Amino acid sequence: MVKMTSENPTKQIGVYDRKGSITQGKVADILLVDNKLTIKYTICRDDIAFKGVM
């Protein structure tokens, strides 16, 4: 699922060198969810953009 939703799309649009995986030196654009798929955090460009109810 991770490759389908992050790695493959960023490779297709030519930005995998800076996005699409959690790797040192890449920009952190991450959506963290719980086991019910409730959004807990949205991190955009290395900053927390949204913090859900815990």
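Two exercises with worked solutions follow, on salt bridges and on a surface patch.

The model is predicted: local features need pLDDT of at least 70, side-chain atom pairs count only at pLDDT 80 or more, and totals for chains, interfaces and linings use all residues. Residues are numbered from 1 along each chain as its sequence is written, and side-chain values use heavy atoms, with hydrogens and water left out.

**Exercise 1.** Determine how far apart the closest N and O atoms of Glu-7 and Lys-11 are, and whether each residue is buried or partly exposed.

*Solution.*
Step 1. The closest N and O atoms are 2.9 Å apart. This pair is a salt bridge, because a side-chain nitrogen of Lys or Arg within 4 Å of a carboxyl oxygen of Asp or Glu is the criterion.
Step 2. Both residues belong to helix 1, four residues apart, about one turn of the helix; helices are DSSP runs (H or I, at least four residues) and strands likewise (E, at least two), numbered from the N terminus.
Step 3. Glu-7 is buried at 15% relative accessible area, whereas Lys-11 is partly exposed at 45% (buried: under 20%; exposed: over 50%; partly exposed: in between; 1.4 Å probe, protein chains only).

**Exercise 2.** Identify the residues that make the nonpolar surface patch, and place Phe-50.

*Solution.*
Step 1. Leu-31, Val-33, Leu-37, Ile-39 and Phe-50 make a patch of about 480 Å². Patch residues have over 30% relative accessible area and no salt bridge, with nonpolar side chains (Val, Leu, Ile, Met, Phe, Trp, Tyr) joined within 5 Å and like charges within 9 Å.
Step 2. Phe-50 lies in strand 3, residues 47-51, and is partly exposed, with a relative accessible area of 42%.

Note on methods: Accessible areas come from the Shrake-Rupley method with a 1.4 Å probe; for residues, only the protein chains shown count as cover.
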